[in-house]
Amino acid sequence: MAEESQETTTSLLHHHGQPGWLRRLTTSLRLKTSLLSELSGSVGDLGTYIPIVLALTLVSHLDLSTTLIFTALYNIATGLLFGTPMPVQPMKSIAAVAVSETPHLTVSQIAAAGICTAGTLLFLGVTGLMSFFYRFIPLPVVRGVQLSQGLSFAFSAIKYIRYNQDFTKTTSTKTTDPRPWLGLDGLILALTCVLFLIFTTGDGGKRNVVDATESSGIITTNQRRVEKRLRILSAVPSALIVFLLGLVFCFLRDPSIVNDIKFGPSRFHVLKITWDDFKVGFIRGAVPQIPLSVLNSVIAVCKLSGDLFPGTELSATTVSVSVGVMNLVGCWFGAMPVCHGAGGLAGQYRFGGRSGLSVVFLGLGKLMLGLVFGNSFVRILSAFPIGILGVLLLFAGIELAMASRDMNSKEESFVMLVCAAVSMTGSSAALGFICGTVLYLLLKLRELDCSAFPFSRSTTKSNVEDETIISP
């Protein structure tokens with residue numbers, strides 16, 4: 001017993017003797033599930049990442065090699081900093097404007113929009129304003145933003161699965177050309193992947209049959225078998241298998257890809273961004289992106305992190321500064337503007353990501369692809385089955401939308417649903433946020449005790465006298 005106590009004390013002294021940065025690194029990279037689960041979770045946000053990167057590369061001539069390398073470094077840094085599967089995703093509003101509107105934004109204008117957005121978030125983080133907003137924004141409003149974003153992802157995913165997509169024209173999903181049932185990007189393939197993911201991951205939560213029956217004291221043999229089967233299924237890296245299957249089908253669909261591959265990354269260079277680029281980028285790209293980044297990339301992702309990892313809720317200041325620093329470095333070299341996103345976090349969690357190690361694996365994979373294949377990797381992405389991307393995006397969107405299930409009263413649900421409805425029909429998270437906040441304040445105003453105000457005292461006194469006269 002004394003020997004065990006001495007060993008424990010020595011271990012504790014050794015742990016406390018480590019430098020702070022080393023303890024943080026060890027904690028961030030500590031496995032919380034199996035290695036295969038972390039690997040599976042690492043590809044959980046690629047359903048949004050790949051289509052947007054592909055569209056920007058084909059339409060706006062974004063440098064894919066530079067984007068892969070910088071987003072890889074971002075993934076590794078955020079995994080070490082936050083210790084959770086914090087995603088690095090494209091700034092969606094800027095990407096939508098760059099590809100969908102005419103004239104298309106140039107690479108310099110896209111970078112300028114990212115720099116303006118990043119500067120705003122960095123300012124809000126450093127001054128403490130982001131923490132102030134995060135502290136006082138009503139939870140039902142945040143849940144409404146999460147619900148709208150999650151359902152938007154899910155609706156887009158269904159369209160990816162049902163209809164053919166051409167990302168050389170737009171990032172939206174308005175096409176009505178139905179996807180064929182057969183083929184290497186057919187409906188049967190996509191539906192098979194959906195069934196496989198449902199069978200292996202279930203509803204995304206952990207279900208312990210043995211623990212559920214311990215209260216009764218009776219655990220049957222069948223229950224133990226079910227418990228064992230669920231444990232085996234949860235260990236399957238299902239999302240990783242689906243993604244690797246998609247990569248294999250890339251080469252089967254277009255074998256000429258092999259001849260177009262050129263090894264080595266593109267050369268880094270600093271973009272020349274003019275004042276006109278900043279003006280156009282700010283008005284057309286940054287203005288619609290800033291509210292979305294504040295709400296979804298900082299506030300919603302911090303709330304979701306606290307829900308998924310109790311006791312480890314992220315600091316809004318840290319997340320905001322992180323987005324600012326990433327883009328103020330990478331955008332000057334032509335990398336795609338990025339942010340953190342609640343949808344990406346939900347997707348990576350849904351498929352097994354539980355620690356920073358998950359996004360570190362993703363970063364290492366991107367870094368290898370960027371250094372080895374460079375810009376020729378766009379040929380591989382262009383042949384990737386869009387139906388499979390839709391499947392991954394569908395589960396990520398549903399997981400994000402399910403974060404809103406903790407509304408316990410009709411009033412909270414009312415505010416959340418109005419906020420979500422306005423966000424989706426108005427195509428603006430900022431508009432939904434404003435309407436949800438106004439609605440929340442009006443409902444609270446109805447319940448406000450006005451007896452403390454001078455104008456209400458005479459009325460209260462009169463009511464009391466009337467009650468006295470009427471009462472026998």
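# A guided tour, starting at Val 323

Select Val 323: this residue is buried, with a relative accessible area of 0%. (Buried means under 20% relative accessible area, exposed over 50% and partly exposed in between, using a 1.4 Å probe and protein chains only.) Before you move on, note that this is a predicted model, in which local features need pLDDT of at least 70 and side-chain atom pairs count only at pLDDT 80 or more, while totals for chains, interfaces and linings use all residues. Residues are numbered from 1 along each chain as its sequence is written, and side-chain values use heavy atoms, with hydrogens and water left out.

**Stop 1: around Val 323**

Val 323 sits in helix H16, residues 316–330. Helices (H or I, at least four residues) and strands (E, at least two) are DSSP runs, numbered from the N terminus. Now show the surroundings of Val 323. Leaving aside neighbours within four places in sequence, Val 323 is in contact with Met 91, Ala 118, Leu 121, Val 338, Cys 339 and His 340; contact means heavy atoms within 4.5 Å. Draw a C-alpha to C-alpha distance from Val 323 to His 340: they are 7.0 Å apart in space and 17 residues apart in sequence.

**Stop 2: Phe 82**

Keep His 340 on screen and add Phe 82, which touches it. Phe 82 also touches Leu 314, Thr 318, Val 319 and Ser 322, not counting residues up to four places away in sequence. Phe 82 belongs to helix H5, residues 64–82, and is buried at a relative accessible area of 12%. Next, add Thr 312: its C-alpha atom is 9.3 Å from that of Phe 82, although the two are 230 residues apart along the chain.

**Stop 3: two loops**

Go to the loop between H4 and H5 and pick out His 61. With 63% relative accessibility, His 61 counts as exposed. Its phi is near 60°, a positive value in a residue other than glycine. Then move to the loop between H6 and H7, where you will find Pro 103. A cis peptide bond, with omega about 0°, joins Thr 102 to Pro 103. For background, most residues other than glycine have a negative phi, and most peptide bonds are trans.

**Stop 4: helix H6**

Select residues 92–100 to show helix H6, which is mostly covered, with seven of its nine residues buried. Colour the buried ones: Lys 92, Ser 93, Ile 94, Ala 95, Val 97, Ala 98 and Val 99. What do the buried residues of H6 pack against? Their partners are helix H4 (46–60), strand S1 (89–90), helix H7 (107–126), helix H9 (139–162) and H15.

**Stop 5: H15 and Arg 143**

Helix H15 spans residues 275–308. Its end C-alpha atoms are only 43 Å apart, short of the 50 Å that a straight helix of 34 residues would reach at 1.5 Å a residue. (The expected span is 1.5 Å times one less than the number of residues.) Look at Ala 286, where H15 bends by about 50°; a proline, Pro 288, follows within four residues. The bend is the angle between axes fitted to the seven residues ending at a residue and the seven starting there.

Now click on Arg 143 in helix H9. Arg 143 is buried, at a relative accessible area of 1%. Not counting residues up to four places away in sequence, it touches Lys 303, Asp 307, Ala 403, Ser 404, Asp 406, Met 407 and Met 416.

**Stop 6: H10 and H20**

Show helix H10 (residues 187–201) with helix H20 (residues 386–401): their axes come within 8 Å and cross at roughly 35°. From H10, Leu 189, Ala 190, Cys 193, Val 194, Leu 197 and Ile 198 make the contact, and from H20, Gly 387, Ile 388, Val 391 and Phe 395 do so. Axes here are lines fitted to C-alpha atoms, for helices over the stretch in contact, with angles from 0 to 180 degrees between N-to-C directions.

**Stop 7: cysteines**

How many disulfides are there? The count is zero, where a disulfide is a pair of cysteine sulfur atoms within 2.5 Å. Select Cys 331, which is buried at 1%: its closest cysteine sulfur, in Cys 116, is 9.8 Å away, too far for a bond. Cys 435 is partly exposed at 29%, and its sulfur is 8.1 Å from the closest one, in Cys 419, so that pair is also too far for a bond.

**Last stop: the whole protein**

Zoom out to see 23 helices and two strands. Buried residues make up 50% of the 472 residues. Among contacts between residues at least 6 apart in sequence, 82% join residues at least 24 apart.
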